[in-house]
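Me: I'm new to reading protein models and I'd like to go through this one with you. Could you take my questions one at a time?

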Amino acid sequence: MNLDAAMQAAIEQAEQVKGRTYPNPPVGAVILDRDGQIAGVGATSPAGGPHAEVLALRRAGTRSAGGTAVVTLEPCNHTGRTPPCVDALLAAGVAAVVFAVSDPNPLAAGGAARLAEAGVTVQAGVLAGAVAGGPLREWLHKLRTGSPHVTWKFATSVDGRSAAADGTSQWITSEAARADVHRRRAAAAIIVGTGTVFVDDPVLTARRPDGALAESQPLRVVVGEREISPDARVLNDDSRTMVIRTRDPHEVLKALSDRTDVLVEGGPTLAGAFLRAGVIDRILAYVAPILLGGPITAVDDVGVLSIAQAQRWQFDGVQAVGPDVLLSLVPA
């Protein structure tokens, strides 16, 4: 197996645990034996459990000796709730370590240098873009800025409508798109406004394709100045809920400062407020091949009065999700 293929396998491991490792990063690891065959794989456990490299080494056993560890993030070199991953790699006798992204956390950095000093061949930067823009996107943002990564997620018709003229919106996008949303929800704090709670009465949980609750559930966040009904489904026991009495996006994010991944799922008024405040780091638009027309758009006023004032974004991903298209955009 070549290194790119092994790193892709490590990325897939990381994606599987995204949302279940908070506050640790979701990392994937693959151990190749001396012949370049996969001997073991692993991903970060929930906080306090083994890191990806440790699990992969355990599964590889004696085949680790003389082999190559392929990891999405530079192996840590510090003792937290678990020992340094560098120690485990050296004890296993790996001959080489390949990683995608250097660890920006000064407390954990230095793993590559220590491995090299011990005679291990070290290679950095393999599929770095795929990792930094994939499973580690939100965690790296939090490390760089100190603030949670904020994504505005919405579903729309191809003509930009989030509901039909009568207000119905279930379902604009396909079952495949909804399943993708539920996968992403498990990793996040989900924000909606009180208006969405009044109109749609959402439950805001993460569910499996069979409808059962996923193992990991989001923090549900309701923002606004109006009281919501104690019988609102967003207050049920399926997950935790935070109610924040403000309409200021900056105050909302201050209250969520300990989070890594925040998903704005509310209606057009909430989306407009967060866009005007300049706090959206990414847009995920699920676009269905249908036409609705009518007055209900995906977003209200964003403070743009002319083309010259337009908010500029750029695509960093376009993919098919069932019959729909998922557009990923970041600020230009």
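Me: Is Asp238 buried, partly exposed or exposed?

Reply: One note before we start: this is a predicted model, where local features need pLDDT of at least 70, side-chain atom pairs count only at pLDDT 80 or more, and totals for chains, interfaces and linings use all residues. Residues are numbered from 1 along each chain as its sequence is written, and side-chain values use heavy atoms, with hydrogens and water left out. Buried means under 20% relative accessible area, exposed means over 50%, and partly exposed is in between (1.4 Å probe, protein chains only). Asp238 has a relative accessible area of 27%, so the label is partly exposed.

Me: Which residue meets Asp238 in a salt bridge?

Reply: A salt bridge here is a side-chain nitrogen of Lys or Arg within 4 Å of a carboxyl oxygen of Asp or Glu. The partner counts as partly exposed, at 30% relative accessibility. For this pair the N to O distance is 3.6 Å, and the side chain that meets Asp238 is that of Arg207.

Me: How far apart in sequence are the parts that Asp238 and Arg207 tie together?

Reply: Helices (H or I, at least four residues) and strands (E, at least two) are DSSP runs, numbered from the N terminus. Asp238 lies in the loop between β8 and β9, while Arg207 lies in the loop between α8 and β8. So the pair ties together parts that are this far apart in sequence: 31 residues.

Me: How many salt bridges does that rule count?

Reply: Side chains of opposite charge can pair when their charged atoms come close. One of the pairs is Arg184 with Asp180, at 2.9 Å from N to O. By the rule, the count comes to eleven.

Me: Why are Arg184 and Asp180 separated by about one helical turn?

Reply: An α-helix has 3.6 residues a turn, so residues three or four places apart point the same way. Asp180 counts as buried, at 11% relative accessibility. The two sit in helix α7 (residues 175-185), and the separation is about one turn because they are apart by four residues.

Me: Which residue meets Arg185 in a salt bridge at 2.8 Å?

Reply: Arg185 is buried, with a relative accessible area of 11%. The partner is buried too, at 12%. Arg185 is in helix α7 and the partner is in the loop between β10 and α10, 80 residues apart, so the pair links distant parts of the chain. The residue is Glu265.

Me: Which strands stand at the edges of the five-stranded sheet?

Reply: Two strands pair if DSSP finds at least two bridges between them. This open sheet has the order β2-β1-β3-β4-β5, with mixed pairing. Each edge strand has a single partner, so one side of each is left without a neighbour in the sheet; the edge strands are β2 and β5.

Me: Which residue of β5 is the bridge partner of Ala96?

Reply: Strand β4 covers residues 96-101, and β4 pairs with β5 in the parallel sense over four bridges. In β5, the bridge partner of Ala96 is Thr121.

Me: What is the strand order of the eight-stranded sheet?

Reply: In this sheet, strands β11 (residues 282-288) and β13 (residues 324-331) run antiparallel and are joined by five bridges. There, Ile283 stands opposite Leu329. The sheet is open with mixed pairing, and the order is β9-β8-β7-β10-β6-β11-β13-β12.

Me: Which residues of helix α10 are buried?

Reply: Helix α10 covers residues 268-276. What covers its buried residues includes β6, β7, β8, α9, β10 and β12, where contact means heavy atoms within 4.5 Å. After α10 comes Gly278, whose phi is positive, near 70 degrees. The buried residues are Leu270, Ala271, Gly272, Ala273, Phe274 and Leu275.

Me: What is the radius of gyration of the protein chain?

Reply: The radius is taken over C-alpha atoms, and the globule rule is 2.2 Å times the number of residues to the power 0.38. With 332 residues, a compact globule would have a value near 20 Å, which agrees with that of the protein chain: 22 Å.

Me: How many helices and strands does the protein chain have?

Reply: The C-alpha trace spans about 65 × 45 × 35 Å along its principal axes. Buried residues make up 48% of the 332 residues. The tally for the chain is ten helices and 13 strands.
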